[in-house]
Amino acid sequence: MKKVQTALTIAGTDPTGGAGIQADLKSFEERCVYGMSVVTSVVAQNTQGVSLIHHQPIDMINEQLACVFDDIQPDAIKTGMIATEEMMLLISDYLEQYPDIPYVLDPVMVATSGDVLMEESSRAVIRDVLIPKATLVTPNLKEARLLLDRSITTVEEMAEAAKDLVHVLGASAAVVKGGHLTDEATDVFYDGKDTRYLTKERIKTKHTHGTGCTYSAVITAELAKGQGVFNAASLGKAFIHDAIFYGIDLGHGNGPTNHFGYRLKGVPNDIKICEKIREGERS
Ligand SMILES: Nc1ncnc2c1ncn2[C@@H]1O[C@H](COP(=O)(O)OP(=O)(O)OP(=O)(O)O)[C@@H](O)[C@H]1O
Ligand SMILES: Cc1ncc(COP(=O)(O)O)c(N)n1
């Protein structure tokens, strides 16, 4: 039988499928990597916002982690929403036991909708305990500002921030995502040696729910397949661009991205055509 690479996401949920664990699993699948998931918090949310959050008891998170690691060791790990210090310390224990598994840390703090997904008091723990274990940390501007405790208002300052995430906070590499800082969607990558810019045209849309989750999940899948960190980040950038570009108009708020968008390259933005292509592929 063919060996398939595996990736584990440790994160919160989104029942509408655009963000969190659901987005991560879809992204792993799109990159042909076998996806596994450990739920930290069950989040009642949709494209309009979060209505209720239920944190899993710490024993339950531990048990889920044990079930995965005792049976199918992941080739790469990502974390998304980790709300509390207790959860972070538990996850840190597992990461310490498996230091050779690539680890992507998406430091989720606040959703696009503005809802808080991480306790403010835990910020120091993510910074001091988890970031030093990360192969790659992927903050957006807001998260980078909070982690480094300073304002970041230019692309030059993003580059400085990426360097400090590595040299001061201890990540092996960092991508600082540009948010709406420039007309282009520019992210700055730094790996301890080189600073590189990942730039794509900014798409005018409000449908960006789950972009950060999807981006970091694709990077994780690529690392699971043995790609280098910069190549994985470049592929993640191309994937998320297509997922936004070939958007799907779902929900009443900030809708999700199209996780199979990159398959639609070169054809009009029409899901029915996607179905025809798939039929065509089968015949
Ligand atoms: N409208 C858009 N057009 C093109 N790329 C986008 C757009 N919105 C987000 N992206 C890209 O998607 C990736 C993940 O985005 P994410 O939402 O985590 O970061 P962000 O856009 O920097 O954050 P925020 O929107 O919370 O400020 C990044 O590469 C970002 O540049
Ligand atoms: C469980 C969970 N994790 C992360 C996000 C952030 O997603 P985004 O900020 O891209 O909407 C979210 N909304 N829900």
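This report walks through a predicted model, its two ligand surroundings, its nonpolar core and one of its helices.

**The chain and its annotation**

A good place to start is the UniProt record. An unreviewed entry there annotates residues 14–258 as "domain: Pyridoxamine kinase/Phosphomethylpyrimidine kinase". Over that stretch the chain is 39% helix and 19% strand. The C-alpha atoms at the ends of the stretch lie 15 Å apart.

**Around the two ligands**

Let us look at ligand 1. Its surroundings hold 21 residues, and those that come nearest are N140, K177, G179, A185 and G212. Three elements each supply at least two residues of this shell: β9 (184–190), α7 (211–224) and α8 (229–245). The largest share, 4 residues, comes from α8.

Ligand 2 has 19 residues around it, with G12, A19, G20, A111 and T112 coming nearest. Here β3 (41–46) and α7 are the elements that each give at least two residues. The most comes from α7, with 3 residues.

The table sets out both shells by residue class.

| Shell | Nonpolar | Polar | Charged |
|---|---|---|---|
| Ligand 1 | 6 residues | 10 residues | 5 residues |
| Ligand 2 | 8 residues | 10 residues | 1 residue |

**The nonpolar core**

In soluble globular proteins, nonpolar side chains tend to be buried together. In this model, the largest nonpolar core has 71 residues. Within this core, A134, L136, A162, A171 and A174 have the most contacts. Its largest share, 8 residues, comes from α7, the helix that also gives the most to the shell around ligand 2.

Which residues does A134 touch, leaving aside those up to four places away in sequence? They are Y103, V104, L105, A171 and S172. One of these, A171, is itself among the core residues with the most contacts.

**A closer look at α8**

Helix α8, already met beside ligand 1, has 17 residues. How far apart should its ends be at 1.5 Å a residue? The expected span is 24 Å, and the end C-alpha atoms are indeed 24 Å apart, so the model agrees with the expectation.

Many positions along α8 can be named as buried: V229, A232, A233, G236, K237, F239, I240, H241, D242, A243 and I244. The list takes in the charged residues K237 and D242. Several elements help to cover the buried residues of α8, including the strands β7 (136–137), β8 (174–177), β9 and β10 (195–201), together with helix α7. Of these, β9 and α7 also supply residues to the shell around ligand 1.

Key:
Residues are numbered from 1 along each chain as its sequence is written. Chains are lettered from A and ligands numbered from 1 in the order in which they are written. This is a predicted model: local features need pLDDT of at least 70, side-chain atom pairs count only at pLDDT 80 or more; totals for chains, interfaces and linings use all residues. A residue is near a molecule or strand if its C-beta atom, placed from the backbone, lies within 6 Å of it. A nonpolar core is a set of buried Ala, Val, Leu, Ile, Met, Phe, Trp, Tyr and Cys residues joined through C-beta atoms within 7 Å. A residue is buried if 20 or more other C-beta atoms lie within 10 Å of its own, exposed if 12 or fewer, and partly exposed in between; C-beta atoms are placed from the backbone. Two residues are in contact if their C-beta atoms, placed from the backbone, lie within 7 Å. The expected span of a helix is 1.5 Å times one less than its number of residues. UniProt positions are given in the numbering used here, feature names are shortened, and annotations may be inferred rather than shown by experiment.
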